[in-house]
Amino acid sequence: MRHIISILMENESGALSRVAGLFSARGYNIESLTVAPTEDPSLSRMTLVTRGSEEIIEQITKQLNKLVEIVKLLDLSEGLHIEREMMLVKIKAERANREEVKRLVEIFRGSIIDVTDTSYIVEMTGDGDKLDAFIRAVHEDLVVEVVRTGPSGIARGAKGLSL
């Protein structure tokens with residue numbers, strides 16, 4: 001099962017390396033990883049996506065909690081949450097297909113953020129299924145390059161990851 005683990009950690013050198021090392025030492029895979037400072041410059045928030053049984057995820061969270069740099073963590077998959085991913089796509093956009101690509105971007109509520117004579121760069125946010133659907137909708141010969149962030153998530157309601 002897919003799990004999104006949100007981690008509040010000390011913003012110091014080597015912290016990310018220790019988390020990644022914990023996963024690699026035990027043979028667990030990290031599907032996606034995003035890290036950025038929080039409103040408190042001494043803390044960073046890491047969003048990590050992995051897959052495993054309930055027992056494996058429990059083992060992962062116990063091991064993460066043992067790391068000194070980890071302040072708090074929350075498995076967002078255990079409750080209601082919102083996740084979003086950001087994607088940049090470079091699409092061939094020559095005269096014959098420019099209008100079609102523009103319409104497709106509008107349908108998916110994306111933005112064209114760069115225009116050249118031969119291409120568009122499209123920015124799009126949403127859940128992974130939406131982004132996948134956009135890529136499938138664009139003719140495969142037109143997609144030049146795709147860059148995705150992986151999901152970031154936040155718990156809905158009163159539950160949250162804060163001190």
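**Figure 1. Strand β5 and its pairing with β8, β9 and β7.** In this predicted model, β5 and strand β8 (residues 143-148) are antiparallel partners joined by five bridges. To find your place in this pairing, look for V89, which stands opposite V146 in β8. β5 also runs antiparallel to strand β9 (residues 152-155), with four bridges between them. Here H81 has A155 of β9 as its bridge partner. A further antiparallel pairing links β5 to β7 through eight bridges. In that one, L88 is matched with E123 in β7.

**Figure 2. S119 in strand β7 and its surroundings.** S119 is part of strand β7. Is S119 buried or exposed? Its relative accessibility is 12%, and residues under 20% count as buried, so S119 is buried. With neighbours within four places in sequence set aside, the contacts of S119 are K90, I91, K92, A93, R98 and D114. One of these contacts, R98, turns up again in the next view, among the buried residues of helix α3.

**Figure 3. The buried and exposed sides of helix α3.** Helix α3 spans residues 98-107, and its buried residues are R98, V101, L104 and V105. Why do they sit on the same side of α3? They cover an arc of only 130° around the axis, and that places them together on one side of the helix. What do these buried residues pack against? Their partners are β5 (81-92), β6 (111-115), β7 (119-126) and α4 (128-137). Turn to the other side of α3 and you will meet E106 and I107, which are exposed.

**Figure 4. R109, just past the end of α3.** R109 comes just after α3, in the loop between α3 and β6. Its backbone is worth a look: R109 is not a glycine, yet its phi is positive, about 60°. The relative accessible area of R109 is 74%, and exposed means over 50%, so R109 is exposed.

**Figure 5. The open sheet of β2, β3, β1 and β4.** Four strands make up this open sheet, in the order β2-β3-β1-β4, and they pair in the antiparallel sense. Which strands stand at the edges? They are β2 (32-37) and β4; each has a single partner strand, so one side of each has no neighbour in the sheet. On average, and ignoring direction, neighbouring strands are turned by 15° against each other. Within the sheet, β1 and β3 form an antiparallel pair with nine bridges. A handy marker is R2, which stands opposite R51 in β3.

**Figure 6. Helix α1 on the sheet.** α1 lies across β1, β2, β3 and β4, and runs at about 15° to β3. The helix has four residues to pick out on its buried side: A15, V19, L22 and F23. These residues cover an arc of only 95° around the axis, which puts them on the same side of α1. Their cover includes β1 (2-10), β3 (43-51), α2 and β4 (70-75). On the face turned away from the buried side you will find the exposed residues S17, S24 and A25. After α1 comes G27, which has a positive phi near 75°.

**Figure 7. Where α1 meets α2.** Two packed helices are described by the angle between their axes and the distance between the axes. For helix α1 (residues 15-25) and helix α2 (residues 54-66), the angle is about 145° and the axes are 11 Å apart. The crossing of α1 and α2 is right-handed. Which residues make the contact? From α1 come V19, L22 and F23, and they meet I60, Q63 and L64 of α2. Sorted by class, this contact has five nonpolar residues, one polar and no charged ones.

**Figure 8. The whole chain, to put the close-ups in place.** The chain has four helices and nine strands. Starting at the N terminus, its elements follow the order β-α-β-β-α-β-β-α-β-β-α-β-β. Along the principal axes, the C-alpha atoms fill a box of roughly 60 × 35 × 35 Å. Of the 163 residues, 37% count as buried. Among contacts between residues at least 6 apart in sequence, 73% join residues at least 24 apart.

Methods. Residues numbered from 1 in each chain as written. Predicted model: local features only at pLDDT ≥ 70, side-chain atom pairs only at ≥ 80, totals over all residues. Heavy atoms only, no water. Axes fitted to C-alpha atoms, helices over the stretch in contact; angles between N-to-C directions. Helix = DSSP H or I, 4+ residues; strand = E, 2+ residues; numbered from the N terminus. Left-handed = near helix turned anticlockwise from the far one by under 90°. Contact = heavy atoms within 4.5 Å. Nonpolar A, V, L, I, M, F, W, Y, C, P; charged D, E, K, R; others polar. Buried < 20%, exposed > 50% of the residue type's maximum accessible area, 1.4 Å probe, protein only. Arc of directions from axis to C-beta. Pairing = 2+ DSSP bridges.
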